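User: Please take a close look at one part of this model and describe it in detail. I should then like to see that part set beside comparable features elsewhere in the chain.

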Amino acid sequence: MPRPSRTRNRFIIAFIIMMCLASLYILLLKIRKMNHLSELEENSRHFAIINDIVYYNSTYSASAKPTFMFLITSQIANFYLPMTCSSIDGYTETTSQIAIQQVGESLLVGTCTVVEDPLYVTLKLDDFSMQIDAPIPLEPLSIRKSIVKEDHVICMSHLVLYEDGTTILSLLKHFKNSAAKIMIYAASVSDSLYKALEEYADNVEVVPWMLPEAKKRGDFDKLKLDPNYSKAGTEGSLTHCFLRYAPVVRKVTLIDLATLKFNSIPFNPDYTLSKEVTSMVTEGWRLKKLTNYRVTMNSRKMFKNVHGNEKKLAENDVVLNEKCFVRQDAQDLDKECGDLQSPEMETTPSRSIYIPKVVQFDNLSIYEDALGRCTSYKSTIEDRQKLMKFEFELENRVSSEVCEIELMRDDFKCRVAMDYSKKMFRRRTRLLITHKRAFLRFWDGCHL
């Protein structure tokens, strides 16, 4: 009798050993995959960021089918990855290919067909996948006629280490009664200014919008300021605001605050969205007029000509260059505006708007010298591009050298945009997907 018992015990011990070895093998596989992802992250020279998703139901979609529109920022021209999106509403599941289209210098949009009122969407790239909560559906704004004069949304961008409360608060005071909602896109803003914005909380929203800049893991105490990425931040955020609100309001105003002007890049006073973006406007969209502003002068000295009949630019004026565009079917067609769906910058007239700085604010200006040093930097490396097949060799763009700014400062509190993202890899390309936005205090770490 003891012999069968010993045999059974041996089988049990052998089984336990096999299970331990199997668990160890699975653990080693997970460690190997983690190391592989870390190696990919360190070695991937090119990357793209899915900044946000806009959901169009069948009313607003150009294809008359519910659609997700992904806003993608990338320095790779003709960027393409074979991604699919699957959506489910609890009963039905739909899978479709994501069609990617270049709509700006560093901005792309990807579209895919989804089910009506989806609960979530799953992105898949090779054997990598990620589930994302469905974005909030577009809805017309609630207009309180006693306060707001127009069905109108204003979008301002892009605040980076921003402390100039006098300018931004004066602009808000000027525009606040003409818009149902004002969106301010920020990578970082000082705590004192953030609190001052609470006065306009009824119709002002500060949106965290990170700079599309690749960081090595743990490198959160430095900002590598690159003119290409700075421009991409403004381009992506204003396009996002347009695509988010143009279907549901009659008027959209975009304001490029031009907070960072780089000497290495010629400054153009005109700003407008690309034709590829404005051509997305469909008959189902309510938008009738688009107005673009770019700050061209700020805090300059007073001047006038010999005869004294020129406009005087006071030291406390902010000067905006304005261009407007309307749909051809708009009943209140403005002859001074260009065609919204086919904007021609050269033939569309512009004018200057002078806004007085009527709000006093104690600016800390702790980063003024550092930002001035970076924006005045001129690269000695000429930008060039080599375009080859994506499958064999990605485009290699040698961009201007970045300028580093130390972010940690004693006794300086700053709200910074933090992105929570998962990574998807394909060969030498990294794809970052933002699925949560928030503001952190400066001492929690800088994630610009």
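Analyst: In this predicted model, Cys-324 has a relative accessible area of 10%, which lies under the 20% limit, and is therefore buried. Cys-324 is part of strand S16, which covers residues 317-326.

The surroundings of Cys-324 can be given residue by residue. Leaving out residues up to four places away in sequence, the contacts of Cys-324 are Lys-289, Leu-290, Thr-291, Glu-336, Cys-337, Gly-338 and Thr-348. For Thr-348, 24 residues away in sequence, the C-alpha to C-alpha distance from Cys-324 is 7.9 Å.

Another member of that contact list, Cys-337, is the disulfide partner of Cys-324, with an S to S distance of 1.9 Å. A disulfide is a covalent bond between the sulfur atoms of two cysteines. The angle about the S-S bond of Cys-324 and Cys-337 is -95 degrees, and the link is left-handed. This bond connects distant parts of the chain, from Cys-324 in strand S16 to Cys-337 in the loop between S16 and strand S17 (338-339), the two cysteines being 13 residues apart. The partner is buried as well: Cys-337 counts as such because its relative accessible area is 12%.

The link belongs to a wider set. With sulfur atoms within 2.5 Å taken as the criterion, the model has 4 disulfides. When the bonded cysteines are numbered in sequence order, they pair as 1-2, 3-4, 5-6, 7-8.

One of the other disulfides joins Cys-155 to Cys-241, with 2.1 Å between the sulfur atoms. The Cys-155 and Cys-241 link is left-handed, at -75 degrees about the S-S bond. It spans 86 residues and ties strand S9, where Cys-155 lies, to helix H4 (residues 227-245), where Cys-241 lies. Cys-155 is buried, as its relative accessible area is 0%, and Cys-241 is likewise buried at 0%.

A further disulfide is formed by Cys-374 and Cys-403, whose sulfur atoms are 2.1 Å apart. The torsion about this S-S bond is about -70 degrees, so the link between Cys-374 and Cys-403 is left-handed. Since Cys-374 is in helix H6 (residues 368-375) and Cys-403 in strand S19 (residues 403-406), the pair ties together parts 29 residues apart in sequence. Cys-374 and Cys-403 are both buried. Cys-20, by contrast, is a cysteine with 48% relative accessibility and therefore counts as partly exposed. The UniProt record, in an unreviewed entry, assigns a "transmembrane region" to residues 12-31. In the model, residues 12-31 are 100% helix and 0% strand, and the C-alpha atoms at the two ends lie 28 Å apart.

Backbone geometry also deserves mention. Most residues other than glycine have a negative phi, and most peptide bonds are trans. The bond joining Ser-157 and His-158 is cis, with omega at about 10 degrees. His-158 falls in strand S9 (residues 152-159), the strand that also holds Cys-155. Ala-64 has a positive phi, near 65 degrees, and sits in the loop between S1 and S2. With 54% relative accessibility, Ala-64 counts as exposed. Asp-117 also has a positive phi, of about 50 degrees, and belongs to the loop between strand S6 (107-113) and strand S7 (120-125). Its relative accessibility of 49% makes Asp-117 partly exposed.

The loop that holds Ala-64 leads to the sheet. An open sheet of 7 strands has the order S5-S6-S2-S1-S21-S20-S11, with mixed pairing. Its edges are strand S5 (99-102) and strand S11 (188-190), each paired on one side only. On average, neighbouring strands of the sheet are turned by 30 degrees against each other, direction ignored. Within it, strand S1 (residues 46-56) and strand S2 (residues 67-74) run antiparallel and are joined by 8 bridges, and Ile-50 stands opposite Ile-72 in S2.

Strand S20 (residues 414-426) contains Arg-415, which counts as buried because its relative accessibility is 15%. The side chains of Arg-415 and Asp-191 make a polar contact of 3.5 Å. Apart from neighbours within four places in sequence, the residues touching Arg-415 include Ser-188, Val-189 and Ser-190, together with Tyr-194 and Phe-439.

How values were computed:
Residues numbered from 1 in each chain as written. Predicted model: local features only at pLDDT ≥ 70, side-chain atom pairs only at ≥ 80, totals over all residues. Heavy atoms only, no water. Helix = DSSP H or I, 4+ residues; strand = E, 2+ residues; numbered from the N terminus. Buried < 20%, exposed > 50% of the residue type's maximum accessible area, 1.4 Å probe, protein only. Polar contact = N/O pair within 3.5 Å; in protein donor to acceptor, adjacent residues only side chain to side chain. Contact = heavy atoms within 4.5 Å. Pairing = 2+ DSSP bridges. Axes fitted to C-alpha atoms, helices over the stretch in contact; angles between N-to-C directions. UniProt positions renumbered as here; feature names shortened; annotations may be inferred.
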